[in-house]
2 protein chains.
Amino acid sequence: MKVQVAGLSVCAVPSYSTAIVEDKTYLLPKSGAEEMTRGFLQELFNILLSYICKSSQRSSKVLDFHHPHQLKEGLEGFNLDVPDQPETLEQLLVDCRDTLKYGVNTGHPRFFNQLSSGLDVIGLAGEWLTSTANTNMFTYEVSPVFILMEEALLKKMQQIVGWSGDEGDGLFCPGGTISNLYSILVARYYFYPEVKTRGMGALPQLALFTSEHSHYSLKKSAAVLGMGSENVVLVKCDERGKMIPIELEAAIIAAEKKGLVPFYVNATAGTTVYGAFDPINAIADICQRRTLWMHVDAAWGGSLLMSDRHKMKLQGIGRAWSVTWNPHKMMGVPLQCSVILVKKRGLLHDCNELGATYLFQMDKPYDVSYDTGDKSIQCGRHVDVFKLWLMWKAKGAQGFGTQVNKCLENAEYLYDQLQKRGDFELPEHSNVCFWYIPPSLRGLTPGPDRDTRLHQVAPKIKGRMLEKGSVMIGYQPLGPKVNFFRCVFSNPATQQEDIDFLLEEIARLGRDL
Amino acid sequence: MKVQVAGLSVCAVPSYSTAIVEDKTYLLPKSGAEEMTRGFLQELFNILLSYICKSSQRSSKVLDFHHPHQLKEGLEGFNLDVPDQPETLEQLLVDCRDTLKYGVNTGHPRFFNQLSSGLDVIGLAGEWLTSTANTNMFTYEVSPVFILMEEALLKKMQQIVGWSGDEGDGLFCPGGTISNLYSILVARYYFYPEVKTRGMGALPQLALFTSEHSHYSLKKSAAVLGMGSENVVLVKCDERGKMIPIELEAAIIAAEKKGLVPFYVNATAGTTVYGAFDPINAIADICQRRTLWMHVDAAWGGSLLMSDRHKMKLQGIGRAWSVTWNPHKMMGVPLQCSVILVKKRGLLHDCNELGATYLFQMDKPYDVSYDTGDKSIQCGRHVDVFKLWLMWKAKGAQGFGTQVNKCLENAEYLYDQLQKRGDFELPEHSNVCFWYIPPSLRGLTPGPDRDTRLHQVAPKIKGRMLEKGSVMIGYQPLGPKVNFFRCVFSNPATQQEDIDFLLEEIARLGRDL
């Protein structure tokens with residue numbers, strides 16, 4: 001029997017016509033199902049491989065956009081509803097192909113839309129193995145190898161941050177927001193351990209400080225943790241998006257005057273929109289003098305620590321008490337891979353442990369300090385470490401450095417190109433943020449009228465971009481600045497020709513606006 | 001060139017001797033690297049397939065146990081440390097093989113250690129595709145298909161719970177603990193929306209109620225959310241582990257007398273240790289009368305809703321205001337796949353939204369109500385829906401029902417076998433929990449001395465089990481009950497012969513204790 005998967009190399013799937021009729025899958029663990037299983041997975045593998053190869057082809061589209069109602073109507077028979085009765089293996093393979101077809105190719109060299117992009121083959125291999133191992137990070141007994149890999153990588157990352165050998169702890173978390181949430185959680189527990197049992201009612205009204213350009217996860221976490229988003233004080237930034245240290249000092253004093261108790265400061269290493277680096281050392285000085293918890297959100301910028309050329313942008317990070325670092329961003333690790341590092345060993349455990357006797361028995365026949373699950377706010381925790389471990393083996397620390405350098409060279413190249421052209425305007429460096437100025441707006445004097453019209457340019461171009469599927473880039477307003485494009489580089493597949501294409505395509509799509 | 005991977009079918013990986021020396025991987029997205037990529041991934045695929053086939057073979061070990069220090073010493077050259085310089089593709093494949101070799105085979109028919117087990121081939125295919133698509137659940141523009149699949153599955157699960165078409169909301173979450181955390185978070189926001197901006201300081205001292213047998217995630221979440229673990233009142237259970245409704249009523253009154261404000265009750269559908277189902281309707285009556293948020297933690301028991309034979313155990317679940325349900329448990333979906341359902345539409349969004357302008361622009365060219373990321377406490381969110389979607393297509397709702405029935409038949413079989421034997425004692429039903437009584441203890445009268453000795457039996461047998469690698473099962477004490485084994489069934493690979501083997505193996509390993 002042949003499986004019909006249009007446009008793909010088709011290989012034989014063993015016949016299952018003799019299988020019990022009502023069971024249309026007939027795969028392992030059923031006995032005698034090895035050949036069928038092999039055939040099905042090989043066919044799926046071919047579909048995935050074909051997608052992977054297409055991923056880096058510039059001739060392919062970044063996406064084949066459809067509106068929600070179009071996809072829900074069932075394009076070419078692609079039915080999103082789930083059935084009561086089983087479907088055939090052939091239909092499942094068609095569904096897999098369609099799922100990829102109507103999705104977004106985040107590995108495409110012209111996908112600039114998110115801080116996470118690219119498709120690293122080794123990282124992908126790591127994820128395939130992880131899902132095949134299908135286990136859980138809570139105890140050593142079910143994850144001996146992954147628990148030790150986590151220990152090894154956390155230690156390595158702590159060294160890179162600049163902590164000495166006898167300090168440092170951490171966890172792999174489901175995303176940078178959760179990592180930032182951990183930083184506030186352990187900071188609160190460090191100063192007020194009674195919060196764990198008694199709650200915020202037993203504490204004074206606490207205040208947190210972070211820059212106005214920092215990620216929204218600080219506010220979100222404060223809301224979740226019962227501290228209130230309005231107690232997150234947003235400190236003013238300079239025109240490049242960096243926190244102004246004297247403004248921090250002033251904000252702390254103002255909060256104290258209002259009766260709040262400052263306890264936590266976040267410095268951002270690589271803001272989401274501008275890619276700005278807060279002055280870590282100056283902020284650390286203030287935190288040290290006032291005994292405040294010092295966190296560095298290096299979710300985006302942490303990868304620069306892998307580059308000898310760029311790591312000085314995070315100078316002083318070793319003074320932080322906790323650090324968020326997302327290898328799934330510029331290091332190109334598949335989603336998700338985020339790390340929270342905490343300098344004081346044992347704090348994560350003390351803050352979160354509840355000692356459930358069905359998981360964390362103390363009379364187990366091995367060293368139970370390796371049952372790290374009680375450090376976590378999760379119970380079951382996905383294995384996010386292996387893909388990073390395997391990529392690190394493949395590239396070495398050096399290879400990550402080269403990859404990061406390449407991303408920053410791309411940003412410099414785009415910046416240079418923008419400066420050479422007359423139809424773009426630059427508000428900021430690093431992440432490269434810019435406006436496209438269509439011919440109709442070029443003569444206008446800056447002011448509210450021009451701003452109103454310019455504000456509509458980026459969304460319109462983005463809409464045309466999605467329809468055409470040729471390239472993807474994000475946009476947003478910020479403070480008084482109307483909608484601008486933000487170009488971020490984290491995809492090793494991106495070359496200078498893709499950057500040229502991006503600018504030309506924006507100009508092509510926006511010329512008549 | 002041949003890749004040496006001992007004990008596996010070896011296929012040719014294209015030579016890369018002509019590649020640039022310092023880049024030892026030479027894979028896509030490098031141009032011309034298609035063949036190398038194909039060869040490497042095909043080789044990895046063979047390793048994974050060999051593991052998958054071995055997974056269900058009873059002749060293979062469940063695990064090849066080593067202590068942490070042994071693995072860290074580098075068994076047979078398996079080095080867990082990450083290097084500065086890249087390693088070869090051949091070495092990576094050897095590392096992949098070793099990672100699986102020293103891990104735990106959670107798909108083995110004799111792995112009874114966790115509530116999640118088994119290795120579903122379709123679910124695995126879903127995970128492989130998910131990691132190949134490598135995208136993020138925050139916006140429709142980067143996840144059009146997965147966002148719509150999430151909507152379709154949430155709607156289906158809401159229907160199954162018994163909610164009408166115009167109510168119901170939800171999210172896929174990184175594990176059941178986070179799902180339970182969401183239930184408390186939205187409950188708090190529902191009664192006290194000011195908590196989001198002002199924090200717990202603006203609220204009275206709240207109290208939560210859950211049974212003494214419920215999962216520790218309720219206490220952990222209360223600690224994280226700043227509500228204090230001691231404000232989680234543990235309500236007494238009957239001897240089967242079910243919450244006693246009049247005890248709940250009494251606990252609520254007692255809390256009020258202490259000045260606390262009751263607002264939230266959790267009923268557990270399938271407790272972690274005994275597998276007990278709280279009387280949902282009786283608890284719902286109390287919640288309704290007193291206008292308390294009613295959550296059902298059906299992380300473990302929710303799958304029984306798929307079975308016509310067993311769904312009556314969750315009678316009344318439609319009256320819940322929120323439900324946790326983990327398809328990664330008895331439905332056999334690969335880790336992680338957990339769902340929080342919330343009856344009141346819009347509440348998740350209002351509770352968590354912050355409207356970050358770089359992600360959730362309102363001037364996008366499509367219906368932005370599909371940008372569901374602001375409902376989440378995460379920013380980036382892993383795609384956990386596709387594997388469930390694909391399995392649902394493969395099995396249909398019916399197939400899941402059959403699978404659940406099989407797990408419960410296995411439990412009944414074990415129960416029957418235990419009753420027939422003289423060397424085991426049964427404290428409880430459902431999840432099957434039992435003691436093994438070695439010959440040396442059989443004459444002793446029940447009492448403290450016998451208990452002290454019996455307490456050591458399960459850990460000793462577990463230790464021998466790990467060393468031998470023949471089977472895996474968990475144990476724990478509970479209240480006054482000394483260490484007992486807990487057998488849980490969620491693995492479709494498990495047959496009656498495996499249950500017979502388990503009992504015989506325990507008797508073999510414990511005979512001389």
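**Two copies and their shared interface**

In this predicted model, chain B drops onto chain A with an RMSD of 0.0 Å after a turn of 180° and a shift of 0.0 Å along the axis (least-squares superposition on C-alpha atoms of residues with pLDDT of at least 70 in both copies). The two copies are therefore related as by a two-fold rotation axis. In chain B, the C-alpha nearest that axis belongs to B:L225, 2.1 Å away. Both copies use the same surface, with 100% of the contact residues of chain B recurring in chain A. Local features need pLDDT of at least 70 and side-chain atom pairs 80 or more, while totals for chains, interfaces and linings take in all residues. Residues are numbered from 1 along each chain as its sequence is written, and side-chain values use heavy atoms, leaving out hydrogens and water.

As for the interface itself, 153 residues of chain B touch 153 residues of chain A (contact: heavy atoms within 4.5 Å). About 13300 Å² is buried between the chains, 64% of it from carbon and sulfur atoms (accessible area, 1.4 Å probe, lost on putting the two parts together, summed over both). On the chain B side, B:V82, B:Y358 and B:K393 lose the most area to chain A, together 6% of what that side buries.

Ten salt bridges cross between the chains (a side-chain nitrogen of Lys or Arg within 4 Å of a carboxyl oxygen of Asp or Glu). A:K72 pairs up with B:E151 in a salt bridge, with the closest N and O atoms 2.9 Å apart.

Conventions:
Chains are lettered from A and ligands numbered from 1 in the order in which they are written.
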